[in-house]
Amino acid sequence: MTTVNTSVESKTLLAVRNLKMHFPLTQGIVLQRTIGYVRAVDGISFSIEQGSTLGLVGESGSGKTTIGRTLIRLYKPTEGQILFDNQDLAHIEGEPLRQIRQRLQMVFQDPYASLNPRFTIGSLIAEPMHIYHTGSAEEIRERTIELLRVVGLRPEYVDRYPHEFSGGQRQRIAIARALSINPEFVIADEPVSALDVSVRAQVLNLLQRLQQQFHLTYLFVSHDLSVVRHIADRIAVMYLGKIVEIADRDELYTAPKHPYTRVLLSAVPIPDPVVERKRQRIILSGDLPSPVNIPRGCRFHTRCPMAQAICREVEPAFEAKEGREHYAACHFSDKVEQELLG
Ligand SMILES: Nc1ncnc2c1ncn2[C@@H]1O[C@H](COP(=O)(O)OP(=O)(O)OP(=O)(O)O)[C@@H](O)[C@H]1O
Ligand code: SF4
Ligand SMILES: [Mg+2]
């Protein structure tokens with residue numbers, strides 16, 4: 001008789017420590033002088049357990065895509081560590097980086113821009129396998145056909161071109177391409193934002209099914225808390241280059257400890273019509289400040305409905321709050337519910 005081990009071992013696959021990505025801001029055409037820095041990612045830390053999904057939310061310009069692009073080393077980070085399976089991606093180059101990069105893939109927001117229109121979808125899906133020499137031409141062709149099936153597309157589509165497909169189908173093709181070299185970690189950067197509402201659920205369901213099937217770990221980026229709710233185990237909320245709150249999904253929705261999270265939650269419709277009628281939307285004043293001139297003290301103070309004098313001077317620490325692994329950066333985190341719930 002075989003014994004089945006039902007205990008779930010959790011292992012940290014990715015641990016990001018104090019990651020910064022600052023882009024130089026230059027002036028002058030010939031002699032370029034650096035006149036400042038765009039602090040797109042400004043000292044963030046988080047970790048993701050193998051097989052789980054971390055949702056990353058925040059408004060446009062908060063630095064979500066820059067995190068994704070830095071994690072897969074499209075950029076060389078300004079500072080910090082990216083520990084993937086205990087190897088620091090931030091500090092390796094050349095062949096070792098190329099080898100480990102195979103284990104991380106990114107699916108982009110716009111399936112119209114991310115698939116080269118001059119190639120057949122078969123060659124687009126096969127390209128990463130050719131780059132990493134994963135098999136003979138025949139084996140790669142077979143796997144391409146198999147991948148089309150896995151993402152719910154007909155194998156006979158293999159020699160067609162991207163323009164023959166809808167947005168949802170293109171995103172399936174992009175997902176097949178990302179999965180072709182058996183990654184362990186997938187960054188999905190707003191994978192359904194550019195799609196019609198009617199096909200969003202199908203693509204989200206596909207991502208969830210693939211996660212189970214291939215034991216994938218996800219970083220799922222979205223500006224919309226209602227999308228992340230369905231897919232994430234934990235959620236990190238980002239504001240102007242920093243994570244301001246991170247918690248287990250249900251905890252974040254029911255007991256947020258940062259006013260910005262509370263504001264984002266107030267925009268999420270509630271399915272129960274009685275509760276929905278009572279929902280009070282909190283509208284933020286002003287625009288997101290520029291990441292070139294980040295406000296001193298708490299970077300959210302220029303728009304925070306709870307700001308006090310101390311917030312303009314002292315940056316709040318990102319510290320543990322009550323609840324499992326719940327962290328937030330706010331001087332008044334224990335007052336968020338009573339102040340903003342009305
Ligand atoms: N290569 C770059 N050089 C200079 N600035 C950049 C670069 N990439 C991004 N930025 C700036 O960094 C900030 C964060 O951009 P990013 O694209 O990461 O935000 P985002 O959260 O993904 O926004 P969105 O929801 O609109 O996709 C923005 O102010 C952006 O203009
Ligand atoms: S520290 Fe102050 S400004 Fe910042 S989020 Fe908390 S209350 Fe608002
Ligand atoms: Mg983005």
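Let me begin with the charged pairs: the structure, which is a predicted model, holds 22 salt bridges. I will go through three of these pairs and one network, then turn to the ligand, and finish with a patch on the surface.

The pair to take up at the start is formed by Glu 79 and Lys 20, whose side chains meet in a salt bridge with an N to O distance of 3.8 Å. Glu 79 belongs to strand S4, residues 79-84, while Lys 20 belongs to strand S1, so this pair ties together parts that are 59 residues apart in sequence. As for how covered the acidic partner is, Glu 79 has a relative accessibility of 39% and therefore counts as partly exposed.

The next pair sits within one helix. Glu 146 forms a salt bridge with Arg 149, and the closest N and O atoms of the two are 3.6 Å apart. Because these residues are 3 apart in helix H4, which covers residues 137-150, about one helical turn separates Glu 146 from Arg 149. Glu 146 counts as partly exposed, because its relative accessibility is 39%.

Moving further along the chain, we come to Glu 313 and Arg 296, whose side chains meet in a salt bridge at 3.2 Å, again N to O. Here Glu 313 lies in helix H11, residues 309-313, and Arg 296 in the loop between helix H10 (273-278) and H11, so that the pair ties together parts 17 residues apart in sequence. The two partners fall into separate accessibility classes: Glu 313, with a relative accessible area of 48%, is partly exposed, whereas Arg 296, at 56% relative accessibility, counts as exposed. Beyond such pairs, there is also a network, in which salt bridges that share partners join Lys 11, Asp 85, Arg 103 and Glu 184.

Now to the ligand. Which residues come nearest to ligand 1? Of the 14 residues around it, those are Ser 60, Gly 61, Lys 64, Thr 65 and Thr 66. Looking at the polar contacts, an N or O atom in the side chain of Ser 60 is 2.5 Å from an oxygen atom of ligand 1. The side chain of Thr 65 likewise has an N or O atom 2.8 Å from a ligand oxygen atom, and in the case of Gly 61 a polar backbone atom is 2.8 Å from an oxygen atom of ligand 1. Taken alone, ligand 1 exposes 640 Å², of which the protein buries 64%.

Sorted by class, the shell around ligand 1 consists of 5 nonpolar, 6 polar and 3 charged residues. Strand S2 and helix H1, residues 64-71, each supply at least two residues of that shell, and the largest share, 3 residues, comes from H1. That helix deserves a closer look, since H1 is mostly covered, with 6 of its 8 residues buried; these are Lys 64, Thr 66, Ile 67, Gly 68, Thr 70 and Leu 71. After H1 comes Arg 73, whose phi is positive, near 60°.

Finally, the surface patch. Ile 29, Val 30 and Leu 31 make a nonpolar surface patch of about 440 Å². Leu 31 is placed in the loop between strand S1 (12-27) and strand S2 (33-49). Is Leu 31 buried or exposed? With 74% relative accessibility, Leu 31 counts as exposed.

How values were computed. Residues are numbered from 1 along each chain as its sequence is written. Chains are lettered from A and ligands numbered from 1 in the order in which they are written. This is a predicted model: local features need pLDDT of at least 70, side-chain atom pairs count only at pLDDT 80 or more; totals for chains, interfaces and linings use all residues. Side-chain values use heavy atoms; hydrogens and water are left out. Patches are made of residues with over 30% relative accessible area and no salt bridge: like charges are joined within 9 Å, nonpolar side chains (Val, Leu, Ile, Met, Phe, Trp, Tyr) within 5 Å. Accessible areas come from the Shrake-Rupley method with a 1.4 Å probe; for residues, only the protein chains shown count as cover. A salt bridge is a side-chain nitrogen of Lys or Arg within 4 Å of a carboxyl oxygen of Asp or Glu. Helices (H or I, at least four residues) and strands (E, at least two) are DSSP runs, numbered from the N terminus. Buried means under 20% relative accessible area, exposed over 50%, partly exposed in between (1.4 Å probe, protein chains only). A residue is near a molecule or strand if one of its heavy atoms lies within 4 Å of it. A polar contact is a pair of N or O atoms within 3.5 Å; within protein, one must be able to donate a hydrogen and the other to accept it, and residues adjacent in sequence count only if both atoms are side-chain atoms. Ala, Val, Leu, Ile, Met, Phe, Trp, Tyr, Cys and Pro count as nonpolar, Asp, Glu, Lys and Arg as charged, and the others, Gly among them, as polar.
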